[in-house]
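The exercises that follow ask you to read a structure step by step, with a worked solution after each task. Try every task on the structure yourself before reading on.

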Amino acid sequence: MKPLAVAYALLALAGLGTALWFGVPYWTSPGASFSGFTALAFASSPAATLSADIGVVYVLANVFIVVEGRRLGMPRLGLYLLANTFLAVAVGLSLFLLARE
């Protein structure tokens, strides 16, 4: 396996690990909701800055995956978009780059 592919695989695992480490406690707590999650993500200026930036990166990553994936004729692009949406952009984008490699 090429070093870059190893890096993408490790980054995908790191993204999954952080998504689970921080996400599972919230989503398994009583009263967890998307609106509550969003409110917490924008609860302070630093949190809002990071959340807004990640939102832009999310859109950018999805556009890149669709455009580049179609250009290369890659199958199942929707799986990377689902991973971006329901796991983390770090997971979906890393897996896409790994498959592209």
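**Exercise 1. Find which residues S94 touches, leaving out residues up to four places away in sequence, and decide whether S94 is buried or exposed.**

Step one is to list the neighbours: with residues up to four places away in sequence not counted, S94 touches Y8, L11, A12 and V89, where contact means heavy atoms within 4.5 Å. Before going further, note that this is a predicted model, in which local features need pLDDT of at least 70 and side-chain atom pairs count only at pLDDT 80 or more, while totals for chains, interfaces and linings use all residues. Residues are numbered from 1 along each chain as its sequence is written, and side-chain values use heavy atoms, with hydrogens and water left out.

Step two is to place the residue, and S94 is found in helix α5; helices (H or I, at least four residues) and strands (E, at least two) are DSSP runs, numbered from the N terminus.

Step three is to judge exposure, for which buried means under 20% relative accessible area, exposed over 50%, and partly exposed in between (1.4 Å probe, protein chains only). The relative accessible area of S94 is 9%, so S94 is buried.

**Exercise 2. State how many helices and strands the protein has, and what share of its residues count as buried.**

Begin with the elements: the protein has five helices and zero strands, and along the sequence they give the pattern α-α-α-α-α. Then turn to the whole chain, where 24% of the 101 residues count as buried, and where the C-alpha trace spans about 40 × 25 × 25 Å along its principal axes.

**Exercise 3. Describe how α4 packs against α5, and then how α3 packs against α4.**

Two packed helices are described by the angle between their axes and the distance between the axes. The axes are lines fitted to C-alpha atoms, for helices over the stretch in contact, and the angles run from 0 to 180 degrees between N-to-C directions.

For the first pair, α4 and α5 pack at an angle of about 155°, with axes 6 Å apart. Angles under 35 degrees count as roughly parallel, over 145 as roughly antiparallel, 65 to 115 as roughly perpendicular and the rest as oblique, so α4 is roughly antiparallel to α5. The meeting residues are L77, Y80, A83 and N84 in α4, and V89, V91, G92, L93, L95, F96 and A99 in α5. To sort them, count Ala, Val, Leu, Ile, Met, Phe, Trp, Tyr, Cys and Pro as nonpolar, Asp, Glu, Lys and Arg as charged, and the others, Gly among them, as polar; the contact of α4 with α5 then has nine nonpolar, two polar and no charged residues.

For the second pair, α3 and α4 pack at about 170°, with their axes 10 Å apart, and these two helices are therefore roughly antiparallel as well. Here Y58, A61, N62, I65, V66, G69 and R70 of α3 make the contact with L77, Y80, L81, N84 and T85 of α4. Sorted by class, this contact of α3 with α4 has seven nonpolar, four polar and one charged residues.

**Exercise 4. Name the residues of the largest nonpolar core and the elements that give two or more residues to it.**

A nonpolar core is a set of buried Ala, Val, Leu, Ile, Met, Phe, Trp, Tyr and Cys residues joined through side-chain atoms within 4.5 Å. The largest one holds seven residues, namely Y8, I65, M74, L77, Y80, F96 and L97, and the elements giving two or more of them are α4 (77–86) and α5. To look at one member, leave aside the neighbours of L77 within four places in sequence: L77 is then in contact with I65, V66, G69, R70 and F96.

**Exercise 5. Determine where R76 lies, and what is notable about its phi.**

R76 has its place in the loop between α3 and α4, and its relative accessible area of 60% means that R76 is exposed. Most residues other than glycine have a negative phi. The phi of R76, however, is near 55°, a positive value in a residue other than glycine.
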